[in-house]
Each structure stands twice: as structure tokens, then as C-alpha cells.
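Here are a few short exercises to work through with the model open in your viewer. Try each task before you read its solution.

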Amino acid sequence: MVAPPGQEAAESAAVLDDAASTLVEVWSRPHNATDVPVPSTQLRALFVLERGPVNVSSLAAELEALVSSASRLCDRLEASGLLLRDPGRDRREVTVRLTPDGQALLDRLRLRRREELTRVLASMPAPARAALLWGLAEFQEAAAEPGGGSYSMLA
């Protein structure tokens, strides 16, 4: 029997969904380590700030949060020494940026993520690893095409 158009893609999507769930679990293990001083929401904010300083409104928009919630989140990150506020001419122009300690935390997490991924990839046969990386590159390219959606990964 020949599969109807789109059914093969739907079956592939189900397999990809399961694999992506596993990938996210492996990728995020370092974020949940006992020596990571902040919860995942605050880590998301730090990853946004890694791209450069922003005002609190822009940070809130990026996090899809209320400005008041983003401001409280910044209060906690500032108290932890991971974020600095740079005041502008008035209260609405406050810019937030990473501190060296904040950048060091993200660098440490990135290194640990890559170690986790290396451990898993090293246990795969070389042809399967090459096929996976080729397929992910093709997936990334297809997602970036018009109509495929444009997605960026957290650093």
C-alpha cells in the first residue's frame, strides 16, 4: 500500500518529536546541576543577555513575560551578581547586561552541554553520527527557508 501524501512526513515528525525530547533532556542536564545557582527562567534571561545589553522591556518581550515579571527576574539576577543594571536618563531607559560571573556561568554550562553531547555521540557508530549531523543540518536549512519557519537555538 502506498502512503498518502504527507503521511510519511507525519510519521517522521513523530520520530523526530521523540528524538528531540531526548536531545533536550541530554542538552539541559547541565542546567539542572546542583551548582547552577539559578532556575531555568533566569538562565533563559542570561542567554538573551549574552547577545548584548537590552532594556527590561525588550528582555520581557524576548521571554514572553510581563515587564514587571522581567524586572523582578532582573532583581534576582542582580542580587546573584550575574546581571548589572545601567541606568539611563530616566527609569524607563534602564539597560541590563551580563556580569563577568554571568558570562562565566553560561560558558561553564555550554562546556558541560557539549561534554554531554560528546558522550552520547561518541557511543554512536560513526556512520550513524554522520547521518545524524547531516540530517540536522538539512533540517536547520529547511526550517530557515520561507514557509519553513525561522528558528534560532539558545546559545
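**Exercise 1.** Which side chain does a polar contact of 2.7 Å join to that of R110?

Before solving, a note on conventions. This is a predicted model, where local features need pLDDT of at least 70, side-chain atom pairs count only at pLDDT 80 or more, and totals for chains, interfaces and linings use all residues. Residues are numbered from 1 along each chain as its sequence is written, and side-chain values use heavy atoms, leaving out hydrogens and water.

*Solution.*
- Step 1: find R110 in helix α5; helices are DSSP runs of H or I with at least four residues, strands are runs of E with at least two, and both are numbered from the N terminus.
- Step 2: check its exposure. R110 counts as buried because its relative accessible area is 13%; buried means under 20%, exposed over 50% and partly exposed in between, with a 1.4 Å probe and protein chains only.
- Step 3: the partner is E50, at 2.7 Å. A polar contact is a pair of N or O atoms within 3.5 Å; within protein, one must be able to donate a hydrogen and the other to accept it, and residues adjacent in sequence count only if both atoms are side-chain atoms.

**Exercise 2.** Which element gives the largest share of the largest nonpolar core?

*Solution.*
- Step 1: a nonpolar core is a set of buried Ala, Val, Leu, Ile, Met, Phe, Trp, Tyr and Cys residues joined through side-chain atoms within 4.5 Å.
- Step 2: the largest one here has 23 residues, and L43, L46 and L105 are among those with the most contacts inside it.
- Step 3: α2, α3, α4, β3 and α5 each give two or more residues to this core, and the largest share, six residues, comes from α2.
- Step 4: look at L105, which touches residues including V38, L43 and L46, not counting residues up to four places away in sequence; contact means heavy atoms within 4.5 Å.

**Exercise 3.** Is E64 buried or exposed?

*Solution.*
- Step 1: go to the loop between α3 and α4, where E64 is placed.
- Step 2: E64 is exposed, because its relative accessible area is 75%.
- Step 3: now inspect the backbone. Most residues other than glycine have a negative phi. Phi of E64, however, is near 55°, a positive value.
- Step 4: for a glycine, turn to G52, just after α2, with a positive phi of about 140°.
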